[in-house]
Amino acid sequence: MQNKSNKIIIILIAILIILTAIVIIISYNKNSVIQNPNSSEINEIIKDENIILIDVRTETEYNSGHIKNAINIPLNDIKNKIDYQKDKPLAVYCRTGKRSLEAAKTLAKMGYTKIYDLGGIENSKIELTKE
């Protein structure tokens with residue numbers, strides 16, 4: 001009889017641990033400082049003058065065409081060249097999305113709390129400029 005009650009206690013503890021893990025994962029995702037907006041949200045972010053738009057591609061890529069009002073800070077320079085208030089909204093993009101994700105993670109580790117990872121512009125319909 002005691003074996004059966006020990007098994008039940010172990011099963012209940014395991015269920016409690018699993019439920020706790022699920023709650024933690026859900027809360028973490030809701031409170032994530034990195035947001036991945038959809039295409040209509042991206043268009044709004046690009047137009048928002050309060051959001052700093054950062055192109056994390058190389059200078060050569062940036063000069064070949066970038067989103068209007070974006071500043072160029074290549075991924076390798078993010079740690080050294082970003083110095084805004086930590087709650088300032090930042091949006092990062094690159095060619096395919098790989099570097100923008102790395103930049104977003106780096107910014108989060110640096111303490112920034114409002115980060116939009118716009119992903120890659122390679123196949124997007126976003127208008128680019130050389131100005």
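Two strands count as paired here if DSSP finds at least two bridges between them. With that in hand, welcome to a quick tour of this predicted model. Strand β1 (residues 34–35) meets that criterion with strand β6 (residues 115–120): 2 bridges join them, and the two strands run parallel. From that pair we can work outwards to the sheet, the helix that packs on it, and the protein as a whole.

**The sheet**

- An open sheet is formed by 5 strands, in the order β1-β6-β5-β2-β4, with parallel pairing.
- Its edge strands are β1 and β4 (71–72), each of which pairs on one side only.
- In general, the side chains of a regular strand alternate between the two faces of the sheet.

**Strand pairs to look at**

- Where β1 meets β6, glutamine 35 has tyrosine 116 as its bridge partner.
- Strand β5 (residues 90–94) also pairs with β6, in the parallel sense and over 5 bridges.
- Within that pairing, tyrosine 93 stands opposite glycine 119 of β6.
- The route from β5 to β6 passes through helix α5 (residues 98–109), and this β-α-β crossover is right-handed.
- At the β4 edge of the sheet, strand β2 (residues 52–55) is joined to β4 by 2 bridges, and the two run parallel.
- A handy residue pair for finding this spot is isoleucine 54 and its bridge partner in β4, isoleucine 71.

**Helix α5 against the sheet**

- Besides linking β5 to β6, helix α5 packs on the sheet and touches β1, β5 and β6.
- The direction of α5 makes about 150° with that of β5.

**The protein as a whole**

- There are 5 helices and 7 strands in the protein.
- Along the sequence, these elements follow the pattern α-β-α-β-α-β-β-α-β-α-β-β.
- The radius of gyration is 21 Å, well over the 14 Å that the globule rule gives for 131 residues, so the protein is more spread out than a compact globule.
- Taken along the principal axes, the box filled by the C-alpha atoms is roughly 80 × 30 × 25 Å.

**Burial, surface and contacts**

- Of the 131 residues, 30% count as buried, which here stands for under 20% relative accessible area.
- The accessible surface comes to about 9300 Å², and carbon and sulfur atoms hold 54% of it.
- Among contacts with a separation of 6 or more, 68% are between residues 24 or more positions apart.

How values were computed
Residues numbered from 1 in each chain as written. Predicted model: local features only at pLDDT ≥ 70, side-chain atom pairs only at ≥ 80, totals over all residues. Heavy atoms only, no water. Helix = DSSP H or I, 4+ residues; strand = E, 2+ residues; numbered from the N terminus. Right-handed = clockwise from strand over helix to strand, strands pointing away. Rg over C-alpha atoms; globule rule 2.2 N^0.38 Å. Buried < 20%, exposed > 50% of the residue type's maximum accessible area, 1.4 Å probe, protein only. Contact = heavy atoms within 4.5 Å. Areas by Shrake-Rupley, 256 points an atom, 1.4 Å probe, with all protein chains shown as cover. Axes fitted to C-alpha atoms, helices over the stretch in contact; angles between N-to-C directions.
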